[in-house]
Amino acid sequence: MKVESFFVCLFAAAVAFSSCEKKEETPQYGYLLGQLTFDKEIPEYVEYGYSQTIKMSGVYHPDASVGADGKRRDTLGYTVTDPFKSKSDTLKRFEDPVGKKFEYYFEVLKDTLVTYTLTASAYAPDYYSNTHSSAFTIVKPGFGEGFSITRGFSTEGDKRNLSGKEYFVTDIDSLKWVRQNYADTTSGYPYKGCEIMNDIFGRYYTWEQAQKVCPEGWRLPTSAEFDALVSKFGGVGDLMGDIYFNGTKPANKMWAYWPAIGTPGNKSGLTLIPTGYAQISDSGTYTFFDLNKRAVIWTSDEESDNGVARYIFEDQNKLYKGIFSKTGFAASVRCVSDQKKSDSTSRR
């Protein structure tokens, strides 16, 4: 009986000890209200030396008081993790006075063509932090070694100054073709709204804008002139440039290899690149599609009150014809010149 009593007491003690252990579990954290945002996002594409001042808002402590203006007082702490710095920066400590300014000066400090992320956090004791991140890709406008467009683009040959900008051009039969997507900034829209991309992907124009963008002595090609290119060179692979964007690794290749086409041969010298297209909402917002999959170029033709564009897919050896809205669809432009009429440089 004494032995049984001993084990009963031992069991009771173990239960009591276990109960004490449970009381020491990790405390539950709360959640801050709202969502941290930047007053201005870092553009998706930037160049070395780009800078901006970032202000943060949108999140607050559940116990924060409301001022006479109806806004909650910002009592949180803020930190920023900058990819170009070894340590995180504390902009405002939780203990700092309400109303202390917290802004972050951001600058691209590396001259390298890669993607980075900057992350900011709002925090308070016993609460999970609330974070916001902004990813950006460093680019270098231009063509050839050291620039964002490399490998499959030849920087040899003829050039023309059009509207104050120099373009590479090539001769095909009686026409002189611009070898880059046109980038006159008097109209059109840059890729993802990033002006730095003008001299890389060119600008995206509606059909109506495209009719006016080529300078004097130059014009949009006709749909028939695109057909003549395929007939002359034998396939769309001879219109494609074996282009790489922001590097020379296989992952940087813009036109993927497909058996129906093979490696882009670019015998035409046009060096078409798959910059896709954009759709424009009624509010004027541009949404981009098919980067690295399709090259879409406006022609001067129109059908059924719509504009005609010619396009090629990455995996199909066919030149397609598309009928698109003159105002709600944006594509690339390649200007041509009738050499028999004039072989001189013209400006708008």
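This section describes the overall make-up of a predicted model of a protein chain and one of its sheets.

The protein chain comprises 348 residues, of which 45% are buried. Its secondary structure consists of four helices and 22 strands. Among contacts with a separation of 6 or more, 61% join residues that lie 24 or more positions apart. The accessible surface of the chain amounts to about 18200 Å², and carbon and sulfur atoms contribute 49% of this area.

One open sheet is built from three strands, arranged in the order β18-β19-β20 with antiparallel pairing. The edge positions are taken by β18 (residues 294–303) and β20 (residues 320–324). Each of these two strands has a single partner strand, so one side of each is left without a neighbour in the sheet. On average, neighbouring strands of the sheet are turned by 30° against each other, with direction ignored.

Strand β19 spans residues 306–313. Its antiparallel pairing with β20 extends over five bridges. In general, the strands of a sheet pair through backbone hydrogen bonds, in either a parallel or an antiparallel manner. Across from Arg310 stands Lys321, a residue of β20.

The sheet is also packed against by a helix, α4, which covers residues 223–233. Helix α4 touches β18 and β19. The direction of α4 makes an angle of about 135° with that of β18. Strand β18, an edge strand with a single partner strand in the sheet, is thus also in contact with this helix.

Definitions and conventions: Residues are numbered from 1 along each chain as its sequence is written. This is a predicted model: local features need pLDDT of at least 70, side-chain atom pairs count only at pLDDT 80 or more; totals for chains, interfaces and linings use all residues. Side-chain values use heavy atoms; hydrogens and water are left out. Buried means under 20% relative accessible area, exposed over 50%, partly exposed in between (1.4 Å probe, protein chains only). Contact means heavy atoms within 4.5 Å. Accessible areas come from the Shrake-Rupley method with a 1.4 Å probe; for residues, only the protein chains shown count as cover. Two strands pair if DSSP finds at least two bridges between them. Axes are lines fitted to C-alpha atoms, for helices over the stretch in contact, and angles run from 0 to 180 degrees between N-to-C directions.
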